[in-house]
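Colleague: I would like to go through this model with you, one question at a time. Please give the reasoning before each result.

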2 protein chains.
Amino acid sequence: MLARQRQDLILEEVRTRGAVKVSELVELLDVSDMTVRRDLDVLSDKGLLDKVHGGAAARQDRSVDEPGFEVKSMRALSEKESIARSAVTLVHPGMAVGVSAGTTTWTLAHLLRDVPALTIVTNSMRIADVFLGWQSQGQAPGRAPGQTVVLTGGIRTPSDALVGPVAVHALRSLHLDAVFLGVHGMDEAGGFTTPNLMESETNRALVDAARQLIVVADHTKWGVVGLSTIVGLEAAQVLVSDSGLPQAARDVLSSRVGRLILAENAA
Amino acid sequence: MLARQRQDLILEEVRTRGAVKVSELVELLDVSDMTVRRDLDVLSDKGLLDKVHGGAAARQDRSVDEPGFEVKSMRALSEKESIARSAVTLVHPGMAVGVSAGTTTWTLAHLLRDVPALTIVTNSMRIADVFLGWQSQGQAPGRAPGQTVVLTGGIRTPSDALVGPVAVHALRSLHLDAVFLGVHGMDEAGGFTTPNLMESETNRALVDAARQLIVVADHTKWGVVGLSTIVGLEAAQVLVSDSGLPQAARDVLSSRVGRLILAENAA
DNA sequence: ACGGAAACGATCAGATCCGATCAGAAACGG
DNA sequence: CCGTTTCTGATCGGATCTGATCGTTTCCGT
C-alpha cells in the first residue's frame, strides 16, 4: 500500500463520515499510529482536512467570517467594490433611497451604513441584514445614526429578492429620492433585464417609486439580455459601471442614459 | 466520538432548536456533564453560542439568528416544544396560516416545515428563514413540497418583527385560514399583550386577516401584562398552553377562549 | 423571602493522545 | 554492490481529554 493510496483512503473516510479517529485508521490501514499521524499532517498542510485531538475531521471553512460566504463566488468583485464606492457618493444624509436585490447593491449597502439619517427601502433580506443583522465582534458603534430600514414584503426568490403583489403594493405607497438598481444584463436593444419575471415586476415598482434611477452594473453585464426587461436604458438618470466597459458600449450608453459614471478599477 | 463531532452536534442542536439543556446533551452524547460543559465553553469562546444557566442558546448575532431573540432561561423550553407539537396538529395540508414573531412560534415554524402545501404568512424574518434560509450544513432535504412563504414588509423591531404601515397594509389584502399568535403576556383583564406598541398594531392586523385565531403561550405568560393589548381573551378561538398552568388560570381561560388545549410537558 | 434541588466550576487522577527522536527497512541511482 | 534518500515503526516525556468529587452559586416553587 502506497502512502498516496492511504491518504486517499483517509480523505474518503473523512468526507463520507465527517470525521475519523486515529485508532480507527490504524486498524483500517494496518499501519502504526505514527504513520497515520504523519499522513494526517500531510493532508492537513494541504488544507484537505482538519486535524483534531484523537483524529481528523472534515474541514470547516464556514468560519466566523462575514456573512458574505458567497462573496468568494462573486464575479468581478473588485469592479463591484469600485462601483459601489462611486455610487455611494451620490447619496447624501437624510435621503430616502431604494436598494434592489443583487450582489453589487449588497456591496453598496455596506457603504450606505456610514451615511447618517438615511431611510433605506429594500426588497432583499440580505441587504436588510447588512443594516440590522449586526454580526461579528459587536462593532455596532460607529454605525451612522438615525437610519430607518424598510423591508418590502412578498415571497422570496432563489436570489433572495422579495417579490410579488405584496412587494409591489408596498412600494406603491412609498416615494423615494433615488433608487439603486442592480441588474443581470444591460443591452442596447433589451435595456436593463433580469432572468426572473416576478423580480422584474417588483423592480419596476421600485423604479416607479423613485424620482431618480441609478443603475449599478459592472462591465460584464453589457450585452447580456435576461428574460424580462425592467426598464429601457433611457430610464436611468445615472449608470455607474467600471472602466472595463468597451468603447462601443460607452458610446451607446453615453447617448442613452442621463449620465455615465465609470469607476476606476485601480483601487 | 471525537470532541469535534460532539461540538458540531451541539451546534446543530442549538441552531435548530434555539437552545438545549446540558442534561439533554449528556443523554444525547453519552458523556459526562463536565465534558458537555467544557464543550460549551469552547463553543462559547468561539462565539458560536451563548452559555446560559442550564445549557446553551443560539447566539443572536449570526446572520441566521436575529437580534433580540434572546433565550435567557432554559425554563419554558420544553413547554414551548410541547406547545408547538400540540399546535401543529391544528394545521392541515393546503391551509394558509399566519405566524407572528416570537420564540414559541419560531419553534412551531420548524414543525410546520413538514406540512405539505402550506402557505405561510409571517412578519418575522427569522421565521421566514426557517422555511427558506437554510444555509447551514446543506441539510435541506426532507422539506415538505409546495410551500409558499410570504413575508410582510415593514421596519424591524428589536425583537425581529416587521411592523408599521407597510406590514399592516400588506396584511389587509391577505386572508388566512388561521393565525398562530405568540404573545408576551396574557391576563384576565389585560387580554393578550405585548410590550411593543407597533408590534401590537401589526399583530392585530394579522389577527384580523385570519378566520381563526390560535394563541400559543406557555404558562409563564399568565398574569403578565405588556404595554399594549393586541386582542382580548375572547378573540382566541384556540389557546394552546401547557400543563404548568395554574387551576385558577385554567378556569378563567376555559370560559373566555373558544377552546383551551394543554400540552403535556412530559415529552 | 426561604429552603431544597439543580447547576456550576475548580481540582485531581487516570487514560489517551501527541510529536520529537532514533533506528531499521525498502527504494533508488550510479 | 554500496551510499543515499525516503518511509515506517518504536520509544518516551509531555500535553490533552475525560470523569468524579466537592464546595459554592443559581434557580424555582412555596
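Modeller: Two residues are in contact if their C-beta atoms, placed from the backbone, lie within 7 Å. Keep in mind that this is a predicted model.

Colleague: How many residues does the contact take from chain B and from chain A?
Modeller: The contact is counted on each chain separately, with the 7 Å cut-off between C-beta atoms. Chain A gives 30 residues and chain B gives 28 residues.

Colleague: Which element gives the most to the side of chain B that touches chain A?
Modeller: Elements of chain B that each supply at least two residues of this side are α1, α6 (125-132), β6 (148-151), β7 (154-156) and α7 (165-172). By class, the side of chain B that touches chain A has 13 nonpolar, nine polar and six charged residues. The element that gives the most, with four residues, is β6(B).

Colleague: Which residue of β6(B) stands opposite G154(A)?
Modeller: Strand β7 of chain A, residues 154-156, pairs with β6(B) over two bridges, in the antiparallel sense. The residue of β6(B) opposite G154(A) is L151(B).

Colleague: Which residue in β6(B) is the bridge partner of T119(B)?
Modeller: Within chain B, β6(B) pairs with β5(B) over four bridges, and the sense is parallel. The bridge partner of T119(B) in β6(B) is T148(B).

Colleague: Is the β-α-β crossover from β4(B) to β5(B) right-handed or left-handed?
Modeller: Strands β4 (residues 96-99) and β5 (residues 119-122) of chain B run parallel and are joined by four bridges. One pair across them is G98(B) opposite V121(B). The chain goes from β4(B) to β5(B) through helix α5 (residues 103-112) of chain B, and the crossover is right-handed.

Colleague: Which are the edge strands of the open sheet with the order β1-β3-β2 in chain B?
Modeller: This sheet has three strands with antiparallel pairing, and the twist averages 20 degrees from one strand to the next. β2(B) and β3(B), the latter residues 55-58, are joined by four bridges, and V52(B) has G55(B) as its bridge partner in β3(B). An edge strand pairs on one side only, which holds for β1 (19-21) and β2 (49-52) of chain B.

Colleague: At about what angle does α3(B) run to β2(B)?
Modeller: Two helices can be placed against strands of chain B. α2(B) lies across β1 and β3, at about 75 degrees to β1(B). α3(B) lies across β2 and β3 of chain B, and its angle to β2(B) is about 135 degrees.

Colleague: Are α1(B) and α3(B) roughly parallel or roughly perpendicular to each other?
Modeller: The axes of α3(B) and helix α1 (residues 3-17) of chain B come within 10 Å and cross at roughly 70 degrees. Angles of 65 to 115 degrees count as roughly perpendicular. The two helices, α1(B) and α3(B), are therefore roughly perpendicular.

Colleague: Which residues of α3(B) make the contact with α1(B)?
Modeller: The residues of this contact divide into four nonpolar, one polar and two charged. From α1(B) come R6(B), Q7(B), I10(B) and L11(B). From α3(B) come D39(B), V42(B) and L43(B).

Colleague: Which residues are the closest to DNA strand C?
Modeller: Helices α2 (22-29) and α3 (33-45) of chain A and α2 (22-29) and α3 (33-45) of chain B each supply at least two residues of the surface near this strand. By class, that surface has four nonpolar, eight polar and three charged residues. Of the 15 residues that surround DNA strand C, the closest are V22(A), V22(B), S23(B), H53(B) and G54(B).

Key:
Residues are numbered from 1 along each chain as its sequence is written. Chains are lettered from A and ligands numbered from 1 in the order in which they are written. This is a predicted model: local features need pLDDT of at least 70, side-chain atom pairs count only at pLDDT 80 or more; totals for chains, interfaces and linings use all residues. A residue is near a molecule or strand if its C-beta atom, placed from the backbone, lies within 6 Å of it. Ala, Val, Leu, Ile, Met, Phe, Trp, Tyr, Cys and Pro count as nonpolar, Asp, Glu, Lys and Arg as charged, and the others, Gly among them, as polar. Axes are lines fitted to C-alpha atoms, for helices over the stretch in contact, and angles run from 0 to 180 degrees between N-to-C directions. Angles under 35 degrees count as roughly parallel, over 145 as roughly antiparallel, 65 to 115 as roughly perpendicular and the rest as oblique. Two strands pair if DSSP finds at least two bridges between them. A crossover is right-handed if, with the strands pointing away from the viewer, the path from the first strand over the helix to the second runs clockwise.
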